[in-house]
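Trainee: I should like to learn how to read the features of a protein model in order. Where should we begin?

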Amino acid sequence: MAYVRNDQIVTVILAGGRGSRLDPLTRDRAKPAVPFGGAYRIIDFTMSNCLNSGLRKILILTQYKAMSLDRHINMGWQKYFCRELGEFADVVPPQQRIDENWYQGTADAVYQNIYAIEKEQPEYVVILAGDHIYKMDYRKFVDYHIERGADVTIGVLKERCELASRRFGVLQVDRDNRVIGFEEKPEHPKPIPGEPEFCYASMGIYVFPARFLFEVLCRDATRRGSTHDFGRDVIPTLIDENRVYAYPFMDENRKKNAYWRDVGTLDSYYEANMDLVAVEPELNLYDELWPIRTYQPNYPPPKFVFADPQRRGQALDSIVCNGTIVSGGTVIRSILGHRVRINSYAWVEDSILFAGVEIGRHCRIRRAIIDKRVRIPEGTEIGYDPEKDRARGFVVTENGVTVIAKAETSGELWEQAAW
C-alpha cells in the first residue's frame, strides 16, 4: 500500500445547509453555525475531527446565511492552521465560476469548486457534512479506502432496519463491504450479511481519489435529470462499474455505544443537548485525547450570587458557560450559553439559553430553547401553556418544546403585547 501524506488530502466540508426544520434557530444562520452544548457550534465537531485526524487542508463550502459561520471560523479556527506550511481552513461562498446558478446539490457544490480543490494537487478528497455531531478519525477512513483500492468509499452507520427505512439512504453490501446496491429510505432495507436485523445507513461522507472525483462530477454536471446530489444521483451510477466500498463508522467517543446524531429537527436538537447535562452523558466532551475545539470569547468565569434560602443563585445538573451570572435564581438541568443572566427568584428548568439571554425576576421557564440576546420580562411564564406560547408567536415543537427566535439587537425587549 502506497503511503499518502496528510498534506496530499484535501477535505471539503459541505456547510451550506438551510436547515429549515430547525427554524427559527436557522432564521439568521446556517445550520452548521447553530450553537450546541452552550460553548460550541455544530460545525465544531466536524472541524475538530479534521484537526484531530491530522487533516489541515480544509475548504468549507457555504451558501445559506453564512456570515455567522464565516465569523466563527475566522475567530475560532484560523489559529490552528499555518499558511506557511500549506495549511488552511478557507470559507468558500458560491463564486459562480462555472455558471450563474447557486449550488444545486451536494455534488454541484463540489463541482463548482473543482478549481479550488485542483489547485492543491491532492491525491485524495474527503467530502464531509458540517451538520452532524460525532467523533471520527478521518485518516482511518482514508487508509481503509486506499487499502481496498476503492474508487469511492462511503462512511456508514450500523442501524436497525426499521429505523433506517424512515431516515437514511441504505447501502447493500457483500461480505467484504463492497457496495452492490443503494436505496433512499427503502421500505425494506437490505440487511448486513449475517446480521438480519441491521443495515448500513449512509452518513453522507465520502473519500474519492481526486482525479476520479473530477471525472465523476463533470459527467454528472451534464447529465439530464440529475439533481446533482451525491447520495441521490452520483453514488448509484458508480456501483455497477466501479469499486465502491462501505466504511463502518469507528467512534472516537470512547463510550459503550457509538455516538452519531443528526440534529436536523428542533426535537432531536433539544434531546441531544439535554443529554449533555446527564451524570453520564453519551457524548464525552471531556476527553483530552479527542478534544472538541471552538471559539472561546474572553469572558470572566461564571458567577453564582446570593446564598439566602429564599434567594439562592444556583445551577444543578447544568452546563454554565463563561460570562454568565446566576443572580438569586435557580437553574435545573439546563444549558446556559455565554453572558446569560438569571435574575432573582427566577426558575429555569430543562431549557437551553443561548448567549446574551436575560431572564427577569420571578420568571418560570420550562422546556424552552431561547435564542441569543432575548430578554424575558419579569414574571413571565414560558413552556407551561403551549397554546399561550403559540399565541405569542413562538414555535412549539411536536414534543412540546417552546422555541423563541433570536432578538435582532442586543438586549431587545419583546413587545409587551406579546406577553
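Mentor: Let us begin with the domains. The centres of domain 1 and domain 2, taken over C-alpha atoms, are separated by 34 Å. Please bear in mind throughout that this is a predicted model.

Trainee: Which residues does each domain cover, and how many residues of domain 1 are in contact with domain 2?

Mentor: Domain 1 covers residues 6–277 and domain 2 covers residues 303–417. In the contact between them, 19 residues of domain 1 meet 26 residues of domain 2.

Trainee: How should I read a strand that has several partners? Which strands pair with S11?

Mentor: One takes each partner in turn, and notes the direction and the number of bridges. Strand S6 (residues 124–129) runs antiparallel to S11 and is joined to it by four bridges; here Val 125 stands opposite Phe 208. Strand S8 (residues 152–160) is also antiparallel to S11, with seven bridges, and Glu 159 has Cys 199 as its bridge partner. Strand S9 (residues 169–173) pairs with S11 in the antiparallel sense over two bridges, where the bridge partner of Val 170 is Ala 201.

Trainee: Is strand S11 enclosed or open to its surroundings?

Mentor: For burial, the cut-off is a relative accessible area under 20%. Ten of the twelve residues of S11 (residues 198–209) are buried, so the strand is largely enclosed by the rest of the structure.

Trainee: How does one read a whole sheet? In what order do the strands of the sheet containing S17 stand?

Mentor: One reads the order of the strands, then the sense of pairing, then the edges. The order is S17-S20-S23-S26-S29, an open sheet of five strands with parallel pairing. Strands S17 (314–316) and S29 (381–382) are at the edges; each has a single partner strand, so one side of each is left without a neighbour in the sheet. Within this sheet, S20 (residues 330–332) and S23 (residues 347–349) pair in parallel over three bridges, and Ile 332 stands opposite Glu 349.

Trainee: What is the pairing in the sheet of six strands?

Mentor: The pairing there is mixed, and the order of this open sheet is S18-S21-S24-S27-S31-S30. Its edges are S18 (319–320) and S30 (395–396), each with a single partner strand, so one side of each has no neighbour in the sheet. Strands S21 (residues 335–336) and S24 (residues 352–353) run parallel and are joined by two bridges; Leu 336 has Leu 353 as its bridge partner.

Trainee: Which strands do the buried residues of helix H9 pack against?

Mentor: They pack against S2 (35–36), S21, S24, S27 (368–370), S30 and S31 (402–404). Helix H9 (residues 266–275) is mostly covered, with eight of its ten residues buried. Among the buried residues are Leu 266, Tyr 269, Tyr 270 and Met 274.

Trainee: How should I describe two helices in contact? At what angle do the axes of H1 and H2 cross?

Mentor: One states the distance, the angle, the hand and the residues involved. The axes of H1 (residues 43–52) and H2 (residues 67–76) come within 12 Å and cross at roughly 35°, and the crossing is right-handed. The contact is made by Ile 43, Asp 44 and Met 47 of H1 with Leu 69, His 72 and Ile 73 of H2. These residues divide into four nonpolar, one polar and one charged.

Trainee: And a single residue? Is Phe 212 buried or exposed?

Mentor: Phe 212 has a relative accessible area of 12% and is therefore buried. Phe 212 lies in helix H7 (residues 210–221). Apart from its neighbours within four places in sequence, Phe 212 is in contact with Asp 151, Leu 238 and Asn 242.

Trainee: Finally, which backbone features deserve a note?

Mentor: One looks for cis peptide bonds and for positive phi values outside glycine. Asp 23 and Pro 24 are joined by a cis peptide bond, with omega about 15°; Pro 24 is in the loop between S1 (9–14) and S2. Asn 177 has a positive phi near 70° and sits in the loop between S9 and S10 (179–184). Arg 367, in the loop between S26 (364–366) and S27, has a positive phi of about 45°.

Trainee: How do Asn 177 and Arg 367 stand in accessibility: buried or partly exposed?

Mentor: Asn 177 counts as buried at 16% relative accessibility, whereas Arg 367 is partly exposed at 27%.

Definitions and conventions:
Residues are numbered from 1 along each chain as its sequence is written. This is a predicted model: local features need pLDDT of at least 70, side-chain atom pairs count only at pLDDT 80 or more; totals for chains, interfaces and linings use all residues. Side-chain values use heavy atoms; hydrogens and water are left out. Axes are lines fitted to C-alpha atoms, for helices over the stretch in contact, and angles run from 0 to 180 degrees between N-to-C directions. A crossing is left-handed if the near helix is turned anticlockwise from the far one by less than a right angle, and right-handed if clockwise. Contact means heavy atoms within 4.5 Å. Ala, Val, Leu, Ile, Met, Phe, Trp, Tyr, Cys and Pro count as nonpolar, Asp, Glu, Lys and Arg as charged, and the others, Gly among them, as polar. Two strands pair if DSSP finds at least two bridges between them. Buried means under 20% relative accessible area, exposed over 50%, partly exposed in between (1.4 Å probe, protein chains only). Domain bounds come from an automatic or database domain assignment.
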